[in-house]
Amino acid sequence: MRVSVIGCGYLGAVHAAAMADLGHEVIAVDVDAEKVAALSAGNPPFFEPGLPEILTSSLASGRLRFTTDISEVAGSELHFIAVGTPQSDDSGAADIRFVDAAIDALLPNLGPTDVVVGKSTVPVGTAQRLAERLLSAGSSATLAWNPEFLREGFAVKDTLSPDRLVFGVAEGAGHQHALAALREVYATAISAGTPVVETDLATAELVKTAANAFLATKISFINAMSEIAEATGANVTELADAIGYDTRIGRRFLNAGVGFGGGCLPKDIRAFSARAEELGLGSSVAFLGEVDAINLRQRERVIARVIADAGGDAVDLKVAVLGLAFKPQSDDVRDSPALDVARGLAVAGAQVTAYDPQAMGPAQRRFPDLNVAENVQQALLDADIAVLVTEWPEFVQLDPRNVGDLMAHKRIVDARNVLDPAQWRAAGFHYSSLGRP
Ligand code: NAD
């Protein structure tokens, strides 16, 4: 099929390359000329495992092109909207100006039977409004919502083989045509057994918000348990193992630690709360405010722990911060707990040296005064204490004996609960983690 993708960030660039990899003809548009140039040259402007490979092969096949010129989308049957929906500066609400701008730019280039497919995460009600916008502008194109569930770090796999597909389409003219087009564009995944939920626009929008709200709640739940465990001498990891054996609960997303971050969960729960307030239903999701508060508290808890474990005085304390990305296998530092811990320690007066295998560029672009090392050994050299904040395999596999030889004092705070306490203590370390004795 001939498809267009509007917005080439973490979601759109992967989606465009994956659609071309599946055999579709893809024209991908972004307003950022630098990004378009980098992607056209086969160089993703962000780290995503597997993306360079499918980007290069799709560009070479001639099935994938990037452009800043929206008029080039004319002739595509499906137009995927993948622009950003960040948090508004003045409130928790989602800023959907980029979605509106993309629709406005798309309108003059739409054919009568085209299908506009929203993938960005938007507040419930947005799709209906956009469908009315198409109609009022005289377009007979159909609007569908197809939320995206990819995980950064696994984005290529998640796009090529999603665990489910959600197609939201309004009843009326274009309904069957839009569903047929969506089934065709995702034919490979569907024939491999991927479940499809066909629904209305509002449900499709809400599925995404509800999924992220649930995941965020699960993480904050276990972090709340880790606070209780810590005060009572219990072990939160053993607790998570034990409750996780209950298949109604499940073990995944029950790792206590410094909490969630990134370009999705934090902003999505805030946007959900803001939208519920608008609907007069703030109390229905009031718990999400607590989920957010518990999550942000973990960052303070880790900062306080580092200072306490090193003797109580942050001033001139040399701290090695291991990790800056919000999670491993990503260079994304949007709302990153790791970056907040690094900054918080520096603000408290510590001499912070941070290292991350992929996220140092993005972190320094955000905070130019952040002191970074060239490698993990350099970060650890002469440090009074180390704190592991992003569970990159490179950090999880560190040999405590080698680490101890580099540091001024053998102290480590494991803010992801991923190291073996016995092994680190045996190497002479003062080891501490969250919610484990
Ligand atoms: P991003 O900031 O990385 O990318 C957004 C891109 O849209 C940017 O390159 C920007 O230049 C471009 N853009 C903005 N306005 C445009 C316009 N009018 N025309 C063309 N391009 C335009 O954001 P992202 O992480 O890719 O997220 C995009 C959407 O997908 C968000 O709604 C997000 O919540 C959702 N989402 C993201 C992920 C993820 O893991 N990153 C997963 C699922 C859903």
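**Close-up views of a predicted model**

F429 is buried, with a relative accessible area of 6%. This value, like the others below, comes from a predicted model.

**View 1. W424 and F429 form an edge-to-face aromatic pair.** The ring centres are 4.9 Å apart, and the planes meet at 75°. W424 is buried too, at a relative accessible area of 1%. Both residues count as buried because their values, 1% for W424 and 6% for F429, fall under 20%.

**View 2. Y10 and F46 form a tilted aromatic pair.** Centre to centre, the distance is 4.4 Å, with 35° between the planes. Y10 belongs to helix 1 (residues 10-21). F46 sits in the loop between helix 2 (33-40) and helix 3 (51-61), 36 residues from Y10. Both Y10 and F46 are buried. Six aromatic pairs are found in the whole structure.

**View 3. F80, F167 and Y186 make up a cluster linked by ring pairs.**

**View 4. Two arginines lie over phenylalanine rings.** R343 is over the face of F367, 3.7 Å from the ring centre. The charged end of R151 is over the ring of F154, at 4.5 Å from its centre.

**View 5. Eight strands form an open sheet with mixed pairing.** The strand order is 3-2-1-4-5-6-7-8. Strand 3 (64-67) and strand 8 (196-199) are at the edges with a single partner strand each, so one side of each lacks a neighbour in the sheet. From one strand to the next, the twist averages 20°. Strand 1 (residues 2-6) and strand 2 (residues 25-29) run parallel, joined by five bridges. V3 has V26 of strand 2 as its bridge partner.

**View 6. Helix 4 (residues 97-106) lies across four strands: strand 1, strand 4 (78-81), strand 5 (115-118) and strand 6 (142-145).** Helix 4 runs at about 160° to strand 4.

Note on methods
Residues numbered from 1 in each chain as written. Predicted model: local features only at pLDDT ≥ 70, side-chain atom pairs only at ≥ 80, totals over all residues. Heavy atoms only, no water. Pairing = 2+ DSSP bridges. Helix = DSSP H or I, 4+ residues; strand = E, 2+ residues; numbered from the N terminus. Axes fitted to C-alpha atoms, helices over the stretch in contact; angles between N-to-C directions. Contact = heavy atoms within 4.5 Å. Phe/Tyr/Trp six-rings, centres within 6.5 Å; stacked < 30°, edge-to-face > 60°. Buried < 20%, exposed > 50% of the residue type's maximum accessible area, 1.4 Å probe, protein only. Lys NZ or Arg CZ within 6 Å of the ring centre and 35° of its normal.
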